[in-house]
Amino acid sequence: MTSRPLVSLLVTLTAACGASAPRPSGGPTPVPGPAAAPAATPPPAPASAATPPDHSGVPGRVPILPPARALLVGLMPLRSAGVEEFRSKHPTYDGRGVLIGILDTGVDPGVDGLITTSTGAPKLLDVRDFSREGAVQLTPVTPTGDGTVMIGGRPLSGAGRVGRLTSASTWYVGSLSERSFGKVPNADLNGDGNNTDIFPVIVVKATDGWVAFFDSNLDGSFEDEMPLHDYRQGRETIALGTKPITLAANFGEVNGVPTLAVVFDNNAHGTHVAGIAAGHNLFNVAGFEGVAPGAQLLGLKIANDARGGISTSGSMRNAMEYAARFAEQRSLPLVLNLSWGIGNEPGPRAVMDSMVDAFLTAHPGVVVVISAGNDGPGLSTVGLPGSADLALTVGAVLPGIYVPLVEDGAPPAQTDFVESFSGRGGRFAKPDLLAPGWAFSTVPGFDTGNEIKAGTSMSAPYISGLAACLMSALMQEGRRPAAVEISAALRAAAGGLPGASVLDQGAGLPQLERAYRWLVAGHQGSGYVVETATGSGSAAFRRSGLAGPGDTVRAQERRVVAIRPPERGRRIARDGDPRDLRPARTRVAGAVRGNGDGLESRRRPGRSALPARQHRGGALRPRGPPDVRRAPNRRPRPGPPLLSPRAGAGYHTRGQCHAPRLRAAVGESNPERAERGSVSRPRA
């Protein structure tokens, strides 16, 4: 079978949608890359498009496909979960009144689609840097009387411009160096093609708080610069040069001395995720929406891209707690999205998943959605923190429209399938749900041309958007739902995909209208565990009541208890190590049957006691229609990776994202799996 250029294939797909499809002003132009082959002959571009400003702000770069055409084809796969049908029935139940926190590589607040909500409210309420990547070291200086200030050993003019805003005798100066942010294009803040620029900065206390002045054009003067306040104060941003990336400021104060962190998404992963969850009029195309276009966002940067996209548990904890405080102060329901993690060997005493469970125990109204990871298709390939019991862990679906991009010569399919890279359960009773793992979504200007990304990173924000829509619906109906209700509704409304087991898909792919109907019918979500009165022996929860005269009834508050899988060679017994029990939350009233011959029963399948090696390499059935026949344990064919893996202490900033670099894939014989090894380490 002959491999076709992917860009040409996308054009063909669009043309097949009908004669009414609008023709673009110019053909989709892939960004030059290795092994690039000429695309199908496009319509001639107008002469004025020599330096197109199309959506990117970066001259010469345009999206991989015209956004209007991507919308027409359905490359934001909203039909998979019935989002479009739900929106037509309930146009205001679109996430409005709900806050979604994106814990990721940052979110670019200057990208079309992330400016306002469907109601006209600001989309991004705050952007915060918890990674310390953008921290600027400040040094106190005393301004001279000649209108200059010394920064980095050289005098810069325009001090009078700064002095007009402050009466303070001490100013603070520092530098923002591109080189510290990695390689081009990610670190090229002004789009001049290199990462060697150093931008001087002055921080002073104005009448309305701390402000920063950047020498944005590197002309050695601040006279032509504008002050930049904290983003939370007025949502101010700046963009340098050709505006490949948007910068915002975070200020703090310690003993009267300012701290400054510059916030940005120099990877594009977080911005792409945000567009899926809650984008509105993406690429400035009317009607091009994410899942919950009415929701507002928090951009919480926890990944340091210059260090391989790594994050720390401290960054994650701080971001989660900040989001909870922010939402509580404004009485907003909160959904947190984590499209990142580490691999599928968490060890017996992992911290990340228990940290998520502890957070959710303390904040039972928050829905946390986590991607399952891209280590599939083997069993026991869900990683951390996706193993958290109280979070919703999401695997990836291959939408039928994307089948031609992963199978040479195959036409679009009418159904969706479990993606082969999606993390599977086994050791953990995960994933909980599936959602589309491919999307055409927003990216910062420097990443223009890479609007299509794939991975469980794209699945998690889809479910976050669904959760926001359900919360928005009930809020507008005068009811504030608990997080457990939303999670239960999505599970109850999910359906299995062809040929997939519970280890592949959990409950399956939810349908939004069905989940809403489940909630308005008065159903309630619950999590529970049943214990014996003495704390020893075994217990079982019987939904249908008592089974015999030996059974008793108790009603009291309970804790959800998850049992960690035993170490190799150990058995789960009544005298098991009590440290293997992890408390969580809920209350239950029910029938208890104590028979003394086991340990527990749970509301979902327990974690497997099999050693991990027994979960791998089993024979798995091919999935998909006969013309696709995708075996889930298939590996990439030999050839260079489309995107080099980068090591780190967590999923790197492309985290759980198979980002198909279409510009590089044009000449690949089998472009179905980009960046198979992209999950970063450590591993045992």
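**Figure 1. Surroundings of Ala467 in the predicted model.** In this predicted model, Ala467 touches Val335, Val367, Ile486 and Leu490, when residues up to four places away in sequence are not counted. Ala467 is found in helix H10. With a relative accessibility of 0%, Ala467 counts as buried, because a residue is called buried when its relative accessible area is under 20%. The view also includes Ala489, which is 22 residues from Ala467 along the chain. The C-alpha atoms of Ala467 and Ala489 are separated by 9.2 Å.

**Figure 2. The largest nonpolar core and Leu490.** In soluble globular proteins, nonpolar side chains tend to be buried together. The largest nonpolar core of this protein has 81 residues. Phe440 and Leu490 are the residues with the most contacts inside this core. Helix H10, which covers residues 456–476, gives the most to the core, with 12 residues. Which residues is Leu490 in contact with, leaving aside its neighbours within four places in sequence? The partners are Leu392, Leu433, Ile463, Leu466, Ala467, Leu470, Pro510 and Ala515. Ala467, the subject of the preceding figure, thus appears here from the side of its partner Leu490.

**Figure 3. A second core and the ring of Phe326.** Separate from the largest core is a second one of 33 residues. Among its members are Leu125, Phe326, Val366 and Val368. Phe326 also has a charged partner: the charged end of Arg330 sits over the ring of Phe326. This charged end lies 3.5 Å from the centre of the ring.

**Figure 4. The tilted pair of Tyr93 and Tyr516.** The structure holds 11 aromatic pairs. A pair of aromatic rings is described by the distance of the centres and the angle of the planes. For Tyr93 and Tyr516, the ring centres are 5.7 Å apart and the planes stand at 55°, so the pair is tilted. Tyr93 lies in the loop between helix H3 (83–89) and strand S1 (99–104), whereas Tyr516 belongs to helix H13 (residues 512–520), so the pair ties together parts that are 423 residues apart in sequence. Are these two residues buried or exposed? Tyr93 has a relative accessible area of 14% and is buried. Tyr516, at 6%, is buried as well. Together with Phe86, Tyr93 and Tyr516 form one aromatic cluster.

**Figure 5. The edge-to-face pair of Phe181 and Phe264.** The ring centres of Phe181 and Phe264 are 4.8 Å apart and their planes stand at 65°, so the pair is edge-to-face. Where in the chain do the two residues of this pair lie? Phe181 is in the loop between strand S7 (171–177) and strand S8 (198–206). Phe264 is in the loop between S12 and helix H6 (269–278). The pair links distant parts of the chain, with the two positions 83 residues apart in the numbering. Both Phe181 and Phe264 are buried.

**Figure 6. An open sheet of four strands.** Strands of a sheet pair through backbone hydrogen bonds, either parallel or antiparallel. Here 4 strands form an open sheet in the order S3-S12-S11-S10, and the pairing is antiparallel. Which strands lie at the edges? They are strand S3 (135–136) and S10, each of which pairs on one side only.

**Figure 7. The hairpin of S10 and S11.** Strand S10 (residues 238–239) and strand S11 (residues 246–254) run antiparallel and are joined by 2 bridges. Ile238 stands opposite Leu247 in S11, and Ala239 stands opposite Thr246. The two strands form a hairpin with 6 residues between them. In the turn, Gly241 has a positive phi of about 55°.

**Figure 8. The hairpin of S11 and S12.** How many bridges join S11 to strand S12 (residues 257–263)? There are 7 bridges, and the two strands run antiparallel. Gly252 stands opposite Thr259 in S12. S11 and S12 form a hairpin with 2 residues between them. Asn255, in the turn, has a positive phi of about 55°.

**Figure 9. The protein as a whole, for orientation.** The protein contains 14 helices and 27 strands. Of its 684 residues, 57% are buried. Among contacts between residues at least 6 apart in sequence, 73% join residues at least 24 apart. The protein exposes about 26,300 Å², of which carbon and sulfur atoms supply 52%.

Definitions and conventions: Residues are numbered from 1 along each chain as its sequence is written. This is a predicted model: local features need pLDDT of at least 70, side-chain atom pairs count only at pLDDT 80 or more; totals for chains, interfaces and linings use all residues. Side-chain values use heavy atoms; hydrogens and water are left out. Two strands pair if DSSP finds at least two bridges between them. A nonpolar core is a set of buried Ala, Val, Leu, Ile, Met, Phe, Trp, Tyr and Cys residues joined through side-chain atoms within 4.5 Å. Buried means under 20% relative accessible area, exposed over 50%, partly exposed in between (1.4 Å probe, protein chains only). Contact means heavy atoms within 4.5 Å. Accessible areas come from the Shrake-Rupley method with a 1.4 Å probe; for residues, only the protein chains shown count as cover. Rings of Phe, Tyr and Trp (its six-membered ring) pair if their centres lie within 6.5 Å; planes under 30 degrees apart count as stacked, over 60 as edge-to-face and the rest as tilted. A charge sits over a ring if NZ of Lys or CZ of Arg is within 6 Å of the ring centre and within 35 degrees of the ring normal.
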